[in-house]
Amino acid sequence: MQLAAKHFKASASKALLDAQLQKALGNVEKGFIGKRQKAADALPEFDALRDNARDIKNHVLAHLDLYLEEYERNVVAAGGHVHWAETAEDARRIVLDICQKANARTVTKGKSMITEEIALNDHLTANGIEPVETDLGEYIIQLRGEYPSHIIAPAVHLNKDQVEGDFRRVHTHLPEGRDLSEPVALLSEAREVLRKRYFAADVGITGANFLIAETGTSVIVTNEGNGDLTQTLGKVHVVVASIEKIVPTLEDTAQILRVLARSATGQDMSVYTTFSTGPKRPDDPDGPGEYHVVLLDNGRSAMLGTEYQDMLRCIRCGACMNHCPVYHAVGGHAYGSVYPGPMGAVLTPSLNGIEETGQLPNASTFCGRCEAVCPMRIPLPKMMRHWREREFERNLTPLTSRYGIRAWAFFAKRPRLYRLAVSFGMPVLSLLGGKSRRLHSLPFAGGWTRHRDLPAPEGRTFLQEWAQREALKQGSGH
Amino acid sequence: MSGRDTVLGKIRASMRVSGPDAERKAAVASRLRDTPTGVIPARADLPAAGQQELFCAMAAQFGASVARVNDYREVAAEVSAYLRAHNLPAEIRIGADPRLKDAGWDLEKNLELRHGASDGGDLAGVSHAMAGIAETGTLALLSGPDNPTTINFLPEHHIVVLRESDIKGDMESVWAMLREQKGKGVMPRALNLVTGPSRSGDIEQTIILGAHGPRALHIVVVA
Amino acid sequence: MTSSETRVARQPRVGLFATCLVDLFRPSVGFASVKLLQDAGCEVHVPVAQTCCGQPTYNTGDRADTREIAEQVIEAFEGFDFIVAPSGSCAAMLKKHYPGLFKGNADWEDRAQRFSDKCHELVSFLADVMMVRDTGAALSARVTYHDSCSGLRELGVQQQPRKLLANVGGLELHEMKDSDVCCGFGGTFCVKYSDISNAIVTKKVGNIDASGADMLLAGDVGCLMNMAGKLKRLGSDVEVRHVAEVLAGMTDQPPIAGSGK
């Protein structure tokens, strides 16, 4: 996708007026939040597991180079291949090369945000290879030429009648009388169509939730089973994963698995957690003949040792966006970046630079609900604030904001001048409030008064009144 | 420079590591050697019978059906009964698991067994699980000729046989079993942890069973 | 005897950090705070060298100005036994964020930490430190309470106001749906992202209305001004007040953005 984060404000305003989208976004609040809470409440050790999951990833990040080397050794020992990609472009080239060597015409894909990050589908298409998304949500948005609006529920911005329309447009074999009004009918239709694609595909591409150093294993966590069919039925399985997906051992994987699905969908475990190690063995009746892992850096190594390192603990559960009031209001596409919501507001500037993406870490009320539910205890608001600091240092903060805040600071740092200014200002504002004691509009305060009244101040300031009362007390001999 | 050297070099530069780096290497070696367990939920810290009960209850909660039989010889009858109850033809896809060799197939004359990997044309498949995890009602299935992975995903109905004594409390106990069977650091090509039948919530967050994998999961626990 | 018991044994000296919004827009919250603190047995002081806690600059990324403001606040208040603010977000700023501003400057970091340890949000200070159970106030009203984000998630202010409100004679608490969800204020956010803020506060106001309450309370004047402004724009009769006004029994002032009855 084309990065459009700088248009966030305009896209958000448009999203707020989109009735279809607003209806669909209601499902985020209705669905995810209560289910997560229920799953967390049912496990007394949930918070202890979160602490431990955080500690495991911190340990990994402090030893990332060593674990990557160990992981690579074990992949190779199991007969797999490891490819290192410094940039998105490198990763695209490597995947294309693997596909071309396999004479691939179509590839199936399991749901993977990392292949969105490297814009793999466009690259394959441009080179004559057809990518087929097999996750139901991904399949739907591929039909629509869109990109995911949520990292675990890519089509959460759509309603079922929109999906029905797309199926009727693309699945031209459908008889007119076929009832597609319910999700279950839509799912059956997709299942039927995609079954054929799995068998026809030459290469299956998946992401990975974890890469286990101890065993050279990649892990995918899914509910539909599409990822498994993708990686089992193709002649070649390609795993594309970023370097921070490493975990040391099977035990460490179990720790994080216990918080992953609960945080994401509120399940104790997702339906399929699949551990893949190398290609088909000599006596295996099924499985891919080749197994490749593409390890992607794409800016992550530069986050290590910085105030953004904690972001590399992220396990892509989506809990932060599920609980974000801004995401609830505008949906994922408004962010104009591959990763939406709070985790995207921190990660996107790291991957794409703050120059084009400054809107994202600013578009937060700092309500802190994202951090409160993050299974990896990532301090998301703190890191968004750090991005605002980088912006401010480099004079990237919008001028009105910058001058406004410097003016405020000028007075705030000079209490006497501040007292003088407010002793004139507040009574005037109070008078303007009149009998209703509120202002319907006010010059330079359009951001406030466009949507709400401005409560008028009471008049004199608290410190003025307090000083007067204290003086009276002194005078009356207290 | 290769991509490998570039990426590893950038990581080390960001972390400002250089030299022999013995301390970090030792930390990594010890974690890989000792594989420390972290927090294990008390939920499944039960005697064997309690774990078995919890497994069945959790599996049912996540949408599987569970039957218990007393002996391997009763498995075939249970499979036949399941197929009949679901109006399915008397045919199954099955691997070469020796534990299922003598599962009473001879008593079910009408039942047709197709061996090997699934080709997508099977309505029902039968596998034998390595273990069950009581904590979440999860099955652990290993790839190989005994239990081809395709049987776990292609048939509409997946019937999984599980030995009662292979029901463990938690994932960590299954890792221990795996290491004992295969050796430390050695994994089968695929280990599938399966918790309930396939599902999707991608359309309006409505959960529907039977996405790309099996629509139904039936577990047969053998005493 | 621990040191805090020693302090409570004599009258604790409390520096009231009024917060800029209380100072400028809602002085009555300042007086309500003074009364609550004095009733609880505190000696209350209001240093004149106070302006703002620094959140606007801090959240705009202006660390240098924030540090200077923080130094000024610390200098003005560090002599008190406790520093109390009638706002969750300002108290969280003083308590949770000041020490981090001085990373790398050991003297100031240490000084800021000692200062921060003494900072509290008003209602949780009354309930948790001064062990107040009943403020003696009475008000016949059906109220609903909004949990402001910083107080709730950074300071754990949730049960304290509810427990104290439960002992206000004649008062009925009607919980709204999602009382712990942001109102869309977010400081400068509500002006910079006015349309999104509006969507969030519109949802909030819907929940307030549905609660059946005739009065909305919260512990932060910023959030209250946002919600009051929206309620009034939509023509709602719900009265909006800071929780301290009710706990202090000081509800003679007209409500926020309201002309009174």
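Here are some short exercises on the predicted model shown above, each with a worked solution.

**Exercise 1. Which chains touch?**

Task: Find which of the two pairs of chains in contact shares the most contacts, and check what happens between chain B and chain C.

Solution:
- Step 1. Start with the pairs of chains in contact: there are two, and chains A and B share the most contacts.
- Step 2. Now look at chain B and chain C, which do not touch. Their nearest C-alpha atoms are 19 Å apart.
- Step 3. Turn to chain C and chain A: 59 residues of chain C are in contact with 53 residues of chain A.

**Exercise 2. The contact of chain A with chain B**

Task: Work out how many residues each chain gives to this contact, and which helix of chain A gives the most.

Solution:
- Step 1. Count the residues on each side: chain A gives 75 and chain B gives 61.
- Step 2. Look for the main contributor on the side of chain A that touches chain B. Helix α10 (residues 183-200) of chain A gives the most, with eight residues.
- Step 3. Sort that side of chain A by class, and you get 32 nonpolar, 24 polar and 19 charged residues.
- Step 4. Look for strands that pair between the two chains. Strand β9 (residues 272-276) of chain A pairs with strand β9 (residues 190-194) of chain B in the antiparallel sense, over five bridges.
- Step 5. Pick out one pair of residues here: A:Thr273 stands opposite B:Leu193 in β9(B).

**Exercise 3. The side of chain C that touches chain A**

Task: Say what kinds of residues make up this side of chain C.

Solution:
- Step 1. Recall the count for chain C, which has 59 residues in contact with chain A.
- Step 2. Find helices that take part. Those of chain C that each supply at least two residues include α3 (27-39), α5 (63-77) and α12 (194-210).
- Step 3. Divide the residues of this side by class: 28 are nonpolar, 18 polar and 13 charged.

**Exercise 4. A sheet in chain B**

Task: Trace the strand order of the six-stranded open sheet in chain B, and explain why β1 and β3 of chain B each have one side without a neighbour in the sheet.

Solution:
- Step 1. Read across the sheet: the order is β1-β12-β7-β4-β2-β3 (chain B), and the pairing is parallel.
- Step 2. Go to the edges, where β1 (65-69) and β3 (112-115) of chain B stand. Each has a single partner strand, so one side of each is left without a neighbour in the sheet.
- Step 3. Follow the twist, which averages 25 degrees from one strand to the next.
- Step 4. See what packs on the sheet. Helix α4 (residues 75-85) of chain B touches β1, β2, β4, β7 (157-163) and β12 (216-222) of chain B. The direction of this helix makes about 155 degrees with that of β12(B).
- Step 5. Zoom in on one pair of strands: β2 (residues 91-94) and β4 (residues 124-128) of chain B run parallel and are joined by two bridges. Here B:Ile94 stands opposite B:Val126 in β4(B).

**Exercise 5. Chain C as a whole**

Task: Decide how compact chain C is for a chain of 261 residues, and describe how its two domains meet.

Solution:
- Step 1. List the elements: chain C has 14 helices and eight strands.
- Step 2. Compare the radius of gyration of chain C, 18 Å, with the 18 Å that the globule rule gives for 261 residues. The two are close, so chain C is as compact as a globular protein of that length.
- Step 3. Split the chain into domain 1 (3-128) and domain 2 (133-247) of chain C. The centres of these domains, taken over C-alpha atoms, are separated by 22 Å.
- Step 4. Count the contact: 30 residues of domain 1 of chain C meet 24 residues of domain 2 of chain C.

**Exercise 6. Two helices that cross**

Task: Describe how α5 and α6 of chain C pack.

Solution:
- Step 1. Take the geometry: α5(C) and helix α6 (residues 88-101) of chain C pack at about 115 degrees, with axes 10 Å apart.
- Step 2. Name the residues: C:Arg63, C:Thr66, C:Arg67, C:Ala70 and C:Val73 in α5(C) meet C:Leu94, C:Tyr98 and C:Leu101 in α6(C).
- Step 3. Class them: five are nonpolar, one is polar and two are charged.

Notes: Residues are numbered from 1 along each chain as its sequence is written. Chains are lettered from A and ligands numbered from 1 in the order in which they are written. This is a predicted model: local features need pLDDT of at least 70, side-chain atom pairs count only at pLDDT 80 or more; totals for chains, interfaces and linings use all residues. Two strands pair if DSSP finds at least two bridges between them. Helices (H or I, at least four residues) and strands (E, at least two) are DSSP runs, numbered from the N terminus. Axes are lines fitted to C-alpha atoms, for helices over the stretch in contact, and angles run from 0 to 180 degrees between N-to-C directions. Two residues are in contact if their C-beta atoms, placed from the backbone, lie within 7 Å. Ala, Val, Leu, Ile, Met, Phe, Trp, Tyr, Cys and Pro count as nonpolar, Asp, Glu, Lys and Arg as charged, and the others, Gly among them, as polar. The radius of gyration is taken over C-alpha atoms; the globule rule is 2.2 Å times the number of residues to the power 0.38. Domain bounds come from an automatic or database domain assignment.
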